[in-house]
Amino acid sequence: MNTKWLADICNKYDIRSICQTPHSIVVDSRHYVYATNGAVFCAVETRRITVSMLKSHSTVEELLRFDGAYHQTTLAALRDWAGQKPACKICHSYGFIKCPCGGENKNCAEHDEDGDIECPGCQRQSDPYYDPRPGLINGVLINLKQVALPLHHLDGDLVRVITQDDESPVHFITPEWRVVIMPTRKTPYLVNSAVAFNQWQEVA
């Protein structure tokens, strides 16, 4: 499985190095390549390691070992529910680009305090935090823009989904990969406009 797309989950502007680029790790003799931006974590088991190796990371290891009571569904159903995440090759889903002035001109009225302007290609729609797309899964609210990217790149059939409460992450797990997404704080508007997932399969 191609894992180059994992870089699109990362945020190269994040001050945390683990969020800037994909990394690899070995947990319980299994080799993973993973990416995170703090809100989404995606790990794919693979022997084709082409990114930097972390010898250990307690949070990553905990996520890769996590298990519990689950519901079961298909990857196809989850993809339909999540929809497509707008992709933008201009801003790489950041939502902004550097101002033509380079961000250095203090008299320029176009850019923000970081020297950035809104991406002219996607008008910020590829930014998962701008105009979020709410979804409810077992009563937990998540931003579907955040989970759409990995779900449309991953392969598989049945997916185990572990949900706990409004403040705990949602885990999507197969034998080859897992996606973990942090929940979104519930507001009446987001809950009322959320698309609920209900296409569960019987667990054998």
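**Entry 1: second largest pocket**

I began with the second largest pocket, whose volume comes to about 300 Å³. I listed its lining next: 19 residues, with Phe-41, Thr-59, Leu-63, Val-180 and Met-182 closest to the centre. I kept in mind that this is a predicted model.

Which element gives the most to this lining? I found helix H2, with 4 residues. H2 spans 58-65, and E2, E3 and E11 join it in supplying at least two lining residues each. I then sorted the lining by class and got 12 nonpolar, 6 polar and 1 charged.

**Entry 2: largest pocket**

I moved to the largest pocket. About 460 Å³ of space lies in it. I counted 24 lining residues. Nearest the centre I noted Asp-8, Ile-9, Cys-10, Asn-11 and Ser-93.

H4 holds the largest share of this lining, 4 residues. The class split reads 11 nonpolar, 6 polar and 7 charged.

**Entry 3: nonpolar cores**

I looked up the largest nonpolar core, a set of 32 residues. Which members touch the most others? They are Ile-142, Val-147, Phe-172 and Trp-177. I traced where the core residues come from. Strands E2 (30-36), E3 (40-45), E8 (140-143), E9 (158-162), E10 (170-173) and E11 (177-181) each give at least two. Helices H3 (75-82) and H4 (144-153) do so as well.

I also noted a second, separate core of 12 residues. Ile-18, Tyr-32, Ala-43 and Val-180 are among its members. Val-180 had already come up in Entry 1, close to the centre of the second largest pocket.

I took Ile-142 for a contact list, leaving out residues up to four places away in sequence. Ile-142 touches Val-147 and Phe-172, both named above for their core contacts. The list also holds Trp-81, Val-170 and Ile-181. A run of partners follows at Arg-133, Pro-134 and Gly-135. Met-182, Pro-183 and Thr-184 complete the list. Met-182 also lies among the residues closest to the centre of the second largest pocket.

**Entry 4: Thr-74**

My last stop was Thr-74, in strand E4, residues 71-74. Is Thr-74 buried or exposed? Its relative accessibility is 17%, so Thr-74 counts as buried; the cut-off for buried is under 20%.

I then checked its partners, again skipping residues up to four places away in sequence. Thr-74 touches Asp-157, Leu-158, Val-159 and Gln-201. Leu-158 and Val-159 fall within strand E9 (158-162), one of the elements that supply the largest core.

Methods
Residues numbered from 1 in each chain as written. Predicted model: local features only at pLDDT ≥ 70, side-chain atom pairs only at ≥ 80, totals over all residues. Heavy atoms only, no water. Buried < 20%, exposed > 50% of the residue type's maximum accessible area, 1.4 Å probe, protein only. Contact = heavy atoms within 4.5 Å. Core = buried A, V, L, I, M, F, W, Y, C linked by side-chain atoms within 4.5 Å. 1 Å grid on protein atoms, 1.4 Å probe; cavity = no way out; pocket = protein on both sides within 12 Å on 5 of 7 lines; lining within 4 Å. Points joined across faces, edges and corners; volume = space filled by probe spheres on them. Nonpolar A, V, L, I, M, F, W, Y, C, P; charged D, E, K, R; others polar.
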